[in-house]
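This report walks through annotated sites, a metal site and aromatic contacts. Begin by looking over the sequence and the model.

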Amino acid sequence: MSKTISILGATGSIGRQTLDVAEQLGLRVAALTANSNAERLEAQARKFRPRLAVLTDEAAAKDLAVRLADTDIRVLGGPEALLEAAVCPEADTVVTAVVGMVGLKPTLAAIREKKRIALANKETLVCAGQLVMDAADTYGAEIVPVDSEHSAIFQCLQGCADRREIKRLILTCSGGPFYGMMAEEVGKMTRADALCHPNWTMGPKITVDCATLMNKGLEVIEAMRLYRLPLEQVSVVIHRQSIVHSLVEYRDGAVLAQLGTPDMRLPIRYAMTWPHRADNPAEPLDLLACPPLTFAQPDRDVFPCLRLAEEAAEEGGTACAILNGANEEAVGLFLAEKIGFSDIPRLVEAARAAVAVQQDPSLEDILAADQAARQAVLARA
Ligand code: NDP
Ligand code: MG
């Protein structure tokens, strides 16, 4: 059970909801970080009184220091300061809610300090899952997933003494805003269309990933790393209502699922209270008011990002870091309206073809693969 938390990415969608949960559970806050949003971080720091507030953008950090000059909160700037927030001694739990590969080094630093990692930042596990999970084993750090599907699986695995009893994990997928469209129609979708998710309100990068189904592909890799299972044991099913958050099929044929309203505060709360549960003021799921629950196959031809992610997962080594780096870069270009929607899978596929995969990579190899993939995308955009 967490008592004092640090949040990396406090101003974002997951960060803000984590602070809601922290307030409800009466948790203390040791450190808060963001990239450049000084105004919001100031408001959060005044309310939760952390020891440390960090902005990775140096100019924004200077602004924050002026804003918080009348408090005893320490303000730091720059990427190194993110590491300092990750190892802040008062915290027993670090919530990794930054977006992208930038979360990798701070996550590893927090693991080395034996913090509980409440892991939202899936890109970290996608790029360096093996290193992260091995480090967690070595240092005895708990990794508790925040991603709703992985939290559902984590909950369905409580009491499973032997992982060989798992037949497969079934990740549910809303299908995103373009579900049911033909490839040609999907290709015409704009930034505004992609940012309209049917069931969840999230940061812009993950919302675009949901529209391409890359998010589900990243989640397949995340599940493989978290639960140390091969690709054959992780499948995806479309479930438009986002009520069943994911399922575990056991060898005896039993299928366990976790259901709930689509509200990220539930998995965030569980990552804080595990192995216990705490009262939740939100309305519980009303089964009688639920729409009919439906399940269908994803279409990997219309949404090639899912296939690309599965191929990278199969290949292993730095393939997933290349996939992720290329995707982060391509989504950035799409959000800046410099490329079209169907350019995202095209550029990811091209980067995968251009950058050689290395097996058994070190952290340096992974960082180099990420950079090479980004360059490959920029060269072809
Ligand atoms: P947001 O874009 O809403 O928030 C991102 C946070 O990270 C902000 O605090 C932002 O600061 C900070 N940040 C962004 N870039 C950097 C950087 N280069 N260096 C340091 N900090 C940075 O993202 P979400 O909350 O939606 O997602 C966070 C993570 O959680 C992602 O990995 C996502 O995949 C995962 N996740 C999110 C879910 C959701 O419902 N939102 C569900 C499941 C997983 P600033 O505000 O200053 O820009
Ligand atoms: Mg998810």
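N121 sits in the loop between β6 (116-119) and α6. The model discussed here is predicted. N121 is buried, with a relative accessible area of 1%. Beyond residues up to four places away in sequence, N121 touches T96, V98, V99, G100, G103 and L104. One polar link stands out by name: the N121 side chain reaches the backbone oxygen of V98 at 2.9 Å.

**The first annotated group**

N121 belongs to a set that UniProt, in an unreviewed entry, lists as "binding site": T11, G12, S13, I14, N37, N121, E123 and G203. The lining of the largest pocket includes T11, G12, S13, I14, N37, N121, E123 and G203.

T11 is in the loop between β1 (4-8) and α1 (13-25). Its relative accessibility is 12%, so T11 counts as buried. Setting aside neighbours within four places in sequence, T11 is in contact with R16, T33, A34, N37, R40, L41 and Q44. Among these contacts is N37, which also appears in the UniProt list.

**The second annotated group**

The unreviewed UniProt entry also gives "binding site" for K122, S148, E149, S174, H197, N215, K216 and E219. Of these residues, S148 is included in the lining of the largest cavity.

K122 is in helix α6 (residues 122-139). K122 has 4% relative accessibility, so it counts as buried. Leaving out residues up to four places away in sequence, K122 touches D147, I206, N215, L218, E219 and E222. N215 and E219, both among these contacts, carry the UniProt "binding site" annotation alongside K122.

K216 lies in helix α11 (residues 214-227). At 4% relative accessibility, K216 is counted as buried too. K216 touches E149, L171, T172, C173, V236 and L306, again not counting residues up to four places away in sequence. What does the side chain of K216 reach at 2.9 Å? The partner is the backbone oxygen of T172.

The table gathers accessibility values for residues discussed in this report.

| Residue | Location | Relative accessibility |
|---|---|---|
| T11 | loop between β1 (4-8) and α1 (13-25) | 12%, buried |
| N121 | loop between β6 (116-119) and α6 | 1%, buried |
| K122 | helix α6 (residues 122-139) | 4%, buried |
| K216 | helix α11 (residues 214-227) | 4%, buried |
| S242 | loop between β9 (234-238) and β10 (244-250) | 6%, buried |

**The magnesium site**

Which residues supply the protein donors of the magnesium ion (ligand 2)? They are D147 (OD), E149 (OE) and E219 (OE), lying 2.1 to 2.2 Å from the ion. Along the chain, the donors follow the spacing D-x1-E-x69-E. E149 lies in helix α7 (residues 148-156) and E219 in helix α11, so this pair ties together parts that are 70 residues apart in sequence. Both E149 and E219 are buried.

The lysines described above meet these donors. K122 touches D147 and E219, among others. The contacts of K216 include E149.

**S242**

S242 is found in the loop between β9 (234-238) and β10 (244-250). At 6% relative accessibility, S242 counts as buried. Outside its neighbours within four places in sequence, S242 is in contact with S174, N199, W200, G260 and P262. One of these contacts, S174, carries the UniProt "binding site" annotation.

**Aromatic contacts**

The model has 4 aromatic pairs. Take F178 and F341. Their ring centres are 5.1 Å apart and their planes stand at 85°, so the pair is edge-to-face. This pair links distant parts of the chain. F178 is in the loop between β8 (166-173) and α8 (183-187), while F341 is in the loop between α14 (319-335) and α15 (343-354), 163 residues apart. Both F178 and F341 are buried.

F341 also pairs with F334. Here the ring centres are 5.6 Å apart and the planes are at 70°, so F334 and F341 are edge-to-face. F334 is buried, as is F341.

Elsewhere in the list of aromatics, F154, Y270 and W274 form one cluster.

Technical notes
Residues are numbered from 1 along each chain as its sequence is written. Chains are lettered from A and ligands numbered from 1 in the order in which they are written. This is a predicted model: local features need pLDDT of at least 70, side-chain atom pairs count only at pLDDT 80 or more; totals for chains, interfaces and linings use all residues. Side-chain values use heavy atoms; hydrogens and water are left out. Rings of Phe, Tyr and Trp (its six-membered ring) pair if their centres lie within 6.5 Å; planes under 30 degrees apart count as stacked, over 60 as edge-to-face and the rest as tilted. Helices (H or I, at least four residues) and strands (E, at least two) are DSSP runs, numbered from the N terminus. Buried means under 20% relative accessible area, exposed over 50%, partly exposed in between (1.4 Å probe, protein chains only). Contact means heavy atoms within 4.5 Å. UniProt positions are given in the numbering used here, feature names are shortened, and annotations may be inferred rather than shown by experiment. On a 1 Å grid over the protein atoms alone, a cavity is a set of points where a 1.4 Å probe fits but cannot get out, and a pocket is an open set with protein on both sides within 12 Å along at least five of seven lines; lining residues have an atom within 4 Å of a point. A polar contact is a pair of N or O atoms within 3.5 Å; within protein, one must be able to donate a hydrogen and the other to accept it, and residues adjacent in sequence count only if both atoms are side-chain atoms. Donors are N, O and S atoms within 2.8 Å of the metal (3.2 Å for Na, K and Ca); water is not among the atoms, so sites may look incomplete.
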